[in-house]
Amino acid sequence: MKKKLIAIFMAAVMVMGFAACGSGGGSETDGTTASAGETSSESGSGSGSGEVFKLGAFLPLSGSSAAPALEAQNTIEAFVEKVNANGGINGAQIEFTVYDTQTSAEEAVKVVQRMLDEDFNAIVGSLNSGEILAAGQHLNNSETFTVCMGTSATYMQQDWEYIFRPATNATNAANYVVDMMKDLGYTKVAIINGQDDAALSAGDEFEASCEANGIEVVARESYDSGETDYSAQVTSILAAEPEAIYTSTIGQDGGPMVKQIRQRGWDGFIFNREAFQLYMIDIAGEEQSDFVAFPNPYVNYRSIEDCDDEFVKEVLQMYYDYAGSMPETDCVYKAYDCMLTIQEAARIAGSNDSTALKDAAAQIQIQGCGGTLDFTAGDREGYPEGRSWIIKDGKYQLWTDWLENGGYDTFLEETGRSK
């Protein structure tokens, strides 16, 4: 009701505005004009009904998360361009506006409050979980269908019925790491985690899962994002003589963390809370990245030809054609799955109304970048099943394939370790 009243009021304002400008002699413009902190993608002529599907996104386009956020923006714009060229969503051309949160939860709240004045049909939420947690109540209260990329369990525990996640849940991911450790018969692990919401909550969940499965956490250390010297923490966890190390970091910290752990002589397994991406391998070094394992629905590739998943190949080709380069993070897949969720919800609903999209999303069960994107469990989580990977010689291998092909025996031979 609140949204309808706002829409009626805005329509009245627009009518008065057009009346006031009608005799001014100025030329009309097509598309949306962006103000400071936002950019727009014009809807184009297309072949739709002339209606507009208003899509917004809030992303950390400046600050420490700018690079992956830009890849997410590129993916959304490429998807919008493709859909609009094929008639739009339910005949409506997509009009896309993106807002910069500046990698700040406080700024995210301000941005979202501004966005809600625009009465969007759907919103794509940040890749930073802390920003979603800060702004989520506003989004839910406005009854705006929102799909988010952040992986922390925390914001999805708020039971905001309008917020869906077509990405992995860090809580589930922590349990998958425990499963990998059990595959190897490990019973002792050390943890090092960041203090941001996603890294901290994943570390907590992993420790709880270890306790439930008879795995002893022999040491746990933390660091603040922005630190560059982890020597004290690494020295402490190695002194506890773990059988494996679990790192729960945000993206830019992962490469330096692994590099410093290896430099201090650790040649054993390092389990990361989420994808250890190509740029992390480049920072840590290819050899130092061997036997880093992690749970994640998808991985990146240095070329399209390296990918053997036909669905993902098409996504990468779309991105490459639009951006002129390969993506370096998995945010391309998260953003694509967000857009796929919005499109499929609209198809099921036969409507572009936010509430109708929300209701229809619970019926979605389709192919996504990370396998089956399935919201039918009713928890608004799109990936109930996980995948796990290991890095060897700079390449990603599925964990199950690596085990079946004797990978662990090779690890023991190369490191001189015993079972």
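K358 lies over the face of the Y162 ring, at 5.0 Å from the ring centre. This description rests on a predicted model. A comparable arrangement involves K54, whose charged end sits over the ring of F120, 5.4 Å from the centre of that ring.

**Aromatic contacts**

The structure holds 22 aromatic pairs. One of them joins Y298 and Y383: the ring centres are 6.3 Å apart and the planes stand at 85 degrees, so the pair counts as edge-to-face. This contact links distant parts of the chain, since the two residues are 85 residues apart. Y298 belongs to the loop between β11 (292–295) and α10 (310–323), and Y383 to the loop between β13 (371–374) and β14. Both Y298 and Y383 are buried. Elsewhere, ring pairs link a cluster made up of Y186, F269, F271, F291, W399, W402, Y408 and F411.

**Cavities**

Two cavities of 30 Å³ or more are counted in the model. The largest cavity is lined by T168, N169, N172, Y176, P295, N296, P297, Y383, E385, G386 and R387. Y383 thus appears in this lining and also in the edge-to-face pair with Y298. The second largest cavity is lined by T151, T168, A170, A173, R273, E274, P295 and N296. T168, P295 and N296 occur in both linings. The volumes and the classes of the lining residues are set out below.

| Cavity | Volume | Lining by class |
|---|---|---|
| Largest cavity | about 50 Å³ | four nonpolar, five polar, two charged |
| Second largest cavity | about 30 Å³ | three nonpolar, three polar, two charged |

**The second largest pocket**

The second largest pocket has a volume of about 710 Å³. Its lining consists of 32 residues, and S65, L127, N128, I250 and G251 are those that lie nearest the centre. The elements that contribute two or more residues to this lining are α2 (66–85), α4 (129–141), α6 (197–212), α8 (251–263) and α11 (331–349). Helix α2 provides the largest share, with four residues. By class, the lining of the second largest pocket comprises 10 nonpolar, 13 polar and nine charged residues.

**Strand pairing**

Strand β7 (residues 188–194) has six of its seven residues buried, so β7 is largely enclosed by the rest of the structure. This strand pairs with β8 (residues 216–223) in the parallel sense over seven bridges. Within that pairing, N193 has S222 in β8 as its bridge partner.

An antiparallel pairing is formed by β14 (residues 388–392) and β15 (residues 395–398), over four bridges. Here I390 is matched with Q397 in β15 as its bridge partner. The hairpin of β14 and β15 has two residues between the strands, and D393 takes a positive phi near 55 degrees.

In a regular strand, side chains alternate between the two faces of the sheet.

Conventions
Residues are numbered from 1 along each chain as its sequence is written. This is a predicted model: local features need pLDDT of at least 70, side-chain atom pairs count only at pLDDT 80 or more; totals for chains, interfaces and linings use all residues. Side-chain values use heavy atoms; hydrogens and water are left out. On a 1 Å grid over the protein atoms alone, a cavity is a set of points where a 1.4 Å probe fits but cannot get out, and a pocket is an open set with protein on both sides within 12 Å along at least five of seven lines; lining residues have an atom within 4 Å of a point. Grid points are joined across faces, edges and corners, and a volume is the space filled by probe spheres set on the points. Ala, Val, Leu, Ile, Met, Phe, Trp, Tyr, Cys and Pro count as nonpolar, Asp, Glu, Lys and Arg as charged, and the others, Gly among them, as polar. Two strands pair if DSSP finds at least two bridges between them. Rings of Phe, Tyr and Trp (its six-membered ring) pair if their centres lie within 6.5 Å; planes under 30 degrees apart count as stacked, over 60 as edge-to-face and the rest as tilted. Buried means under 20% relative accessible area, exposed over 50%, partly exposed in between (1.4 Å probe, protein chains only). A charge sits over a ring if NZ of Lys or CZ of Arg is within 6 Å of the ring centre and within 35 degrees of the ring normal.
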